[in-house]
Amino acid sequence: MRFSARGHEVSVVDNFARRRWHQNNGTDSLTPIRSLDERIDAWREVSGHELRSFVGGIEDGDFLEQVVVDTKPQAIIHYGEQPSAPYSMANREQAVETQYTNVIGNLNLLFAMRDHVPGAHLVKLGTMGEYGTPNIDIEEGYIEIEHKGRKDTLPFPKLPGSLYHCSKVHDSTNIHFACRIWGLRATDLNQGVVYGIETEETAQDERLATRFDYDEVFGTVLNRFCVQAVIGRPLTVYGTGGQTRGFLNVRDTINCVELAVGSPADAGEFRVYNQFTEQFNVAQLAELVKEAAGHLDYEVGIENIENPRVEMEEHYYNATHTKLLDLGLDPSMLGEELVESMLHEIERNKDRVIAAAIEPKTRWKPAPTAEVAS
Ligand code: USQ
């Protein structure tokens, strides 16, 4: 919608996978999501612009190639992946599905670009979670290393924290390869944890709403805490809550993509941007939500529950994120006012909350079973 609003010709590819995954889990977005056709009709009414749609999965290389041939894009924004760490850790089938969907879909796209639009700019949604939580500062994609008297600038080491995050690392390796060998141009947007409900475009009409997940599989931490506050459930802090991550408002995600597309990478260049605006730990977010909700007369408890994930709870974290600011990003900062506005938005759809979807059930490691005496 952002690019269409700017007068670009836009096509969208969707296989409705997230709708299916939610249906299988008995969960749903808090905001009602209209069908793709209804949303395209609403966008035409609101903006006067046309969007073209292609329904299919990018794991189907022939389908994707045909889309690229039909549309001959100048820029491709690749958001078409399984995005949840817990989903990928639940069982073998979901881990394989995640890596197949993500790695093969991305590889199909790289071949379609090589063969039909080698000059197009790929803007790929990566993740800050590719780096994990190393005990050194995180750079934007690359690090200059001096080793045994020699120097080189190399991809920053990766320590992904789930099989989903591993799939993103594999994607980055494949895209970097395609840039080096075939001369493609790409930007990997290593995005932090997103919060928020609306973008400039979705706010124009409720039929344009984007999804807002709060379940244990697809919901991100701040969105989950806000829903929990509104329904009166204590906030689910995993472990001590010392886990620190980079965060950004969903409005800024769109601004970042627009900035990245507006100044394309060079041919052969694999550019990496760390796409987040502020760092917080989970305990700080819980306190912030408790405070903001208090202003609206919600009494909010904070519960430190056993961490279902295997991750560091107290660690060093300092990630560079200057490249998007250099391009002109003017970030919206997180504060009590913003959280209050999220709480008000959530109240509008409070009746849709599926409380059973909130409890974390997915463990990174199976629970230890009692030893069987021989
Ligand atoms: N957490 C809680 N309580 C909750 C939910 C999460 O304490 O109820 C903690 C988690 O243990 C973790 C942190 O909050 O330490 C972030 O978890 P999350 O579920 O909000 O985010 P994550 O699993 O890291 O994944 C999300 C998106 C993913 C994106 C990633 C960016 O789902 O698509 O790649 O954020 S990043 O975290 O930088 O890797």
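These legends describe close-up views of a predicted model.

The model is predicted: local features need pLDDT of at least 70, side-chain atom pairs count only at pLDDT 80 or more, and totals for chains, interfaces and linings use all residues. Residues are numbered from 1 along each chain as its sequence is written, and side-chain values use heavy atoms, with hydrogens and water left out.

**View 1. The largest cavity and its lining.**
Rolling a probe the size of a water molecule over the atoms shows where empty space is left. On a 1 Å grid over the protein atoms alone, a cavity is a set of points where a 1.4 Å probe fits but cannot get out. Grid points are joined across faces, edges and corners, and a volume is the space filled by probe spheres set on the points. The count is one cavity of 30 Å³ or more. The largest cavity has a volume of about 30 Å³. Its lining residues, those with an atom within 4 Å of a point, are C256, N274, Q275, F276, H321, L324, L325 and L329. Strand 11 (270–275) and helix 11 (323–326) each supply at least two residues of this lining. Helices (H or I, at least four residues) and strands (E, at least two) are DSSP runs, numbered from the N terminus. By class, the lining has five nonpolar, three polar and no charged residues. Ala, Val, Leu, Ile, Met, Phe, Trp, Tyr, Cys and Pro count as nonpolar, Asp, Glu, Lys and Arg as charged, and the others, Gly among them, as polar.

**View 2. The second largest pocket.**
A pocket is an open set of points with protein on both sides within 12 Å along at least five of seven lines. The second largest pocket holds about 260 Å³ of space. Its lining has 14 residues, and T31, E206, A209, R348 and N349 are the closest to its centre. Six residues of that lining are charged, four are polar and four are nonpolar.

**View 3. A salt bridge between distant parts of the chain.**
Side chains of opposite charge can pair when their charged atoms come close. A salt bridge here is a side-chain nitrogen of Lys or Arg within 4 Å of a carboxyl oxygen of Asp or Glu. The structure holds 26 of them. One joins E258 to R2, with the closest N and O atoms 2.8 Å apart. E258 sits in helix 9 (residues 250–262) and R2 in helix 1 (residues 2–5), 256 residues apart. R2 is buried, at 5% relative accessible area. Buried means under 20% relative accessible area, exposed over 50%, and partly exposed in between (1.4 Å probe, protein chains only).

**View 4. A salt bridge within helix 3.**
D41 and R44 meet through their side chains, N to O at 3.0 Å. Both lie in helix 3 (residues 36–47), three residues apart, about one turn of the helix. An α-helix has 3.6 residues a turn, so residues three or four places apart point the same way. D41 is partly exposed at 37% relative accessibility. R44 is also partly exposed, at 32%.

**View 5. The R114 and D115 pair, and a network.**
R114 forms a salt bridge with D115, the closest N and O atoms being 2.8 Å apart. R114 is partly exposed, with a relative accessible area of 34%. D115 is partly exposed too, at 40%. Elsewhere, salt bridges that share partners join R2, R6, E200, E201 and E258 into one network.

**View 6. Helix 7 and its ends.**
Helix 7 (residues 163–182) has 20 residues. The expected span is 1.5 Å times one less than the number of residues. That gives 28 Å, and the end C-alpha atoms are 28 Å apart, which agrees. Buried residues of the helix include Y164, H165, C166 and I175. S162 caps the N-terminal end, with a side-chain oxygen 3.3 Å from the backbone nitrogen of Y164. This is a polar contact: a pair of N or O atoms within 3.5 Å; within protein, one must be able to donate a hydrogen and the other to accept it, and residues adjacent in sequence count only if both atoms are side-chain atoms. Just after helix 7, G183 takes a positive phi of about 75°.

**View 7. Two loop residues with positive phi.**
Most residues other than glycine have a negative phi. K72 has a positive phi of about 40°. K72 lies in the loop between helix 4 (61–71) and strand 3 (75–78), and is partly exposed at 48%. D297 has a phi near 70°. D297 is in the loop between helix 10 (282–295) and strand 13 (302–305), and counts as exposed at 71%.
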